[in-house]
Amino acid sequence: MAKRKQPPVEEGSPAWMATFSDLMNLLLCFFVLLFASSTMDEGKIQKIAASFEHTSFSVLDQGSVSLIVGDMMNGGVTQLSNTDTMLEAGKNIEGDSGDDVSSASPTDAQYLSDYELQKEYEKRGEEQSEEMYEEIVQMAESYKIDDDFVIDYNTQYVELDLNGSILFESGSATVREDSKLFLQKIASILVKYKNCIIEIEGHTDNVPISTARYPDNRALSAERARNVYEYLITQEYFIDSNIKIAGYGESRPIASNATEEGRLRNRRVTIKIYNQQNSSY
């Protein structure tokens with residue numbers, strides 16, 4: 001009897017080895033994912049966790065603001081529906097690359113650093129102060145008192161420096177009669193900003209004073225600030241809780257006390273009008 005012909009031997013690896021290789025590849029991918037997750041920094045983990053929170057915003061430990069507001073996009077990522085109103089502070093902020101936040105990726109649009117928020121806050125404050133500054137200059141020119149005081153502004157307030165020698169006699173805190181018309185016009189300007197915080201500060205030079213009524217320069221400066229305040233509120237209606245008064249004596253000079261000109265500049269009453277952003281409680 002003829003022997004049964006044996007089937008030819010298949011070339012290559014056995015079939016079970018292909019299945020085993022697939023299993024090894026899957027296990028390798030699995031452990032790579034585990035390793036990648038274990039080395040993720042805390043900031044990224046917080047951002048991922050924040051994206052699953054409720055539809056509100058929260059301040060994370062590192063100071064980033066998570067805005068989970070808007071329409072759901074592919075992959076469960078949340079994108080702001082209106083980046084122009086992003087906390088009122090993220091509007092038109094540009095990143096390091098020069099691109100606007102509204103055109104950035106969803107993750108970039110959801111998080112603003114403390115630095116970006118602070119810069120936007122200062123920018124808005126300076127814009128408000130500059131607007132107030134221009135208004136006050138125009139009013140002062142119309143009242144013809146623009147040469148009688150020095151005006152400046154910063155990100156927090158507009159500052160008016162009134163010459164102390166115009167307002168008071170030397171060593172006195174009583175408002176001079178011939179300066180009251182000037183203060184009436186100042187009151188007409190200030191009342192426009194009665195809803196803002198207004199600080200009235202008294203300052204002196206470093207020439208010592210010691211009288212029965214004013215034991216030192218600080219007492220004199222405080223009384224001068226108070227008398228200016230009391231006169232202003234008799235001229236216009238102000239919100240009393242918005243007005244602060246203080247006397248600093250010689251502690252905050254703006255010029256050298258070594259010259260008469262410098263001492264004259266230091267004898268002043270400063271009025272600070274805070275912008276709306278810095279007047280909120």
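Visitor: Contact means heavy atoms within 4.5 Å. On that basis, what is Glu169 in contact with, leaving aside its neighbours within four places in sequence?

Guide: In this predicted model, Glu169 is in contact with Arg176 and Arg224, once its neighbours within four places in sequence are left aside.

Visitor: Where does Glu169 sit?

Guide: Glu169 is in the loop between α5 and α6. Its relative accessibility is 46%, which counts as partly exposed.

Visitor: Back up a bit. How many helices and strands are in the chain?

Guide: The chain has eight helices and nine strands. It has 281 residues, of which 34% count as buried.

Visitor: And what share of the contacts with a separation of 6 or more comes from residues 24 or more positions apart?

Guide: Such pairs make up 65% of the contacts with a separation of 6 or more.

Visitor: Arg224 came up. Which residues of α7 are buried?

Guide: Arg224 is one of them. The others in α7 are Asn217, Leu220, Ser221, Ala225, Asn227, Val228, Tyr229, Tyr231 and Leu232.

Visitor: What covers them?

Guide: The cover for the buried residues of α7 includes two helices, α5 (164–167) and α6 (180–190). It also includes the strands β7 (198–203), β8 (243–247) and β9 (268–274).

Visitor: How does the span of α7 agree with 1.5 Å a residue?

Guide: Helix α7 runs over residues 217–235, and at that rise its 19 residues should span 27 Å. The end C-alpha atoms are 28 Å apart, which agrees.

Visitor: What caps the N-terminal end of α7?

Guide: Asp216 does, with a side-chain oxygen 3.3 Å from the backbone nitrogen of Arg218.

Visitor: Take Asn227. Buried or exposed?

Guide: Buried: the cut-off is under 20% relative accessible area, and Asn227 has 17%. Not counting residues up to four places away in sequence, Asn227 touches Ala173, Thr174 and Val175.

Visitor: Asn217 was on the buried list too. Which loop residue is in contact with Asn217?

Guide: Glu250, which is in the loop between β8 and α8 (260–266). Leaving aside neighbours within four places in sequence, Glu250 is in contact with Asn217 and also with Thr204, Asp205 and Asn206. Glu250 is partly exposed, with a relative accessible area of 40%.

Visitor: How far apart are Glu250 and Asn266?

Guide: They are 16 residues apart in sequence, and their C-alpha atoms are 7.7 Å apart in space.

Visitor: New topic: α4. What does it reach, end to end?

Guide: From its first C-alpha to its last, α4 reaches 43 Å. With 30 residues at 1.5 Å a residue, 44 Å is expected, so the two are close.

Visitor: How do α4 and α6 pack?

Guide: Helix α4 (residues 114–143) and α6 pack at an angle of about 150°, with their axes 10 Å apart. The crossing is right-handed.

Visitor: Which residues meet there?

Guide: Ile136, Met139, Ala140 and Tyr143 in α4 meet Lys185, Ser188 and Ile189 in α6. These divide into five nonpolar, one polar and one charged. Among the residues buried in α4 are Ile136, Met139 and Ala140.

Visitor: What phi does Lys144 take just after α4?

Guide: A positive phi of about 60°, although Lys144 is not a glycine. Lys144 is in the loop between α4 and β5 (149–153), and at 69% relative accessibility it counts as exposed.

Visitor: Met132 is also buried in α4. How far is Met132 from Tyr274?

Guide: The two are 142 residues apart in sequence, and 9.4 Å apart in space, C-alpha to C-alpha. Tyr274 is in strand β9 and is buried, with a relative accessible area of 13%.

Visitor: What else does Tyr274 touch?

Guide: Not counting residues up to four places away in sequence, Tyr274 touches Met132, Gln156, Tyr157, Cys196, Ile197, Glu199 and Ser279. With Glu199 there is a polar contact of 3.4 Å between the side chains.

Visitor: And after β9, what is Gln277 in contact with?

Guide: Leaving aside neighbours within four places in sequence, Gln277 is in contact with Tyr121, Arg124, Gly125 and Gln128. A polar atom of the Gln277 side chain lies 2.6 Å from the backbone oxygen of Tyr121. Gln277 is buried, with a relative accessible area of 16%.

Conventions: Residues numbered from 1 in each chain as written. Predicted model: local features only at pLDDT ≥ 70, side-chain atom pairs only at ≥ 80, totals over all residues. Heavy atoms only, no water. Helix = DSSP H or I, 4+ residues; strand = E, 2+ residues; numbered from the N terminus. Buried < 20%, exposed > 50% of the residue type's maximum accessible area, 1.4 Å probe, protein only. Polar contact = N/O pair within 3.5 Å; in protein donor to acceptor, adjacent residues only side chain to side chain. Axes fitted to C-alpha atoms, helices over the stretch in contact; angles between N-to-C directions. Left-handed = near helix turned anticlockwise from the far one by under 90°. Nonpolar A, V, L, I, M, F, W, Y, C, P; charged D, E, K, R; others polar.
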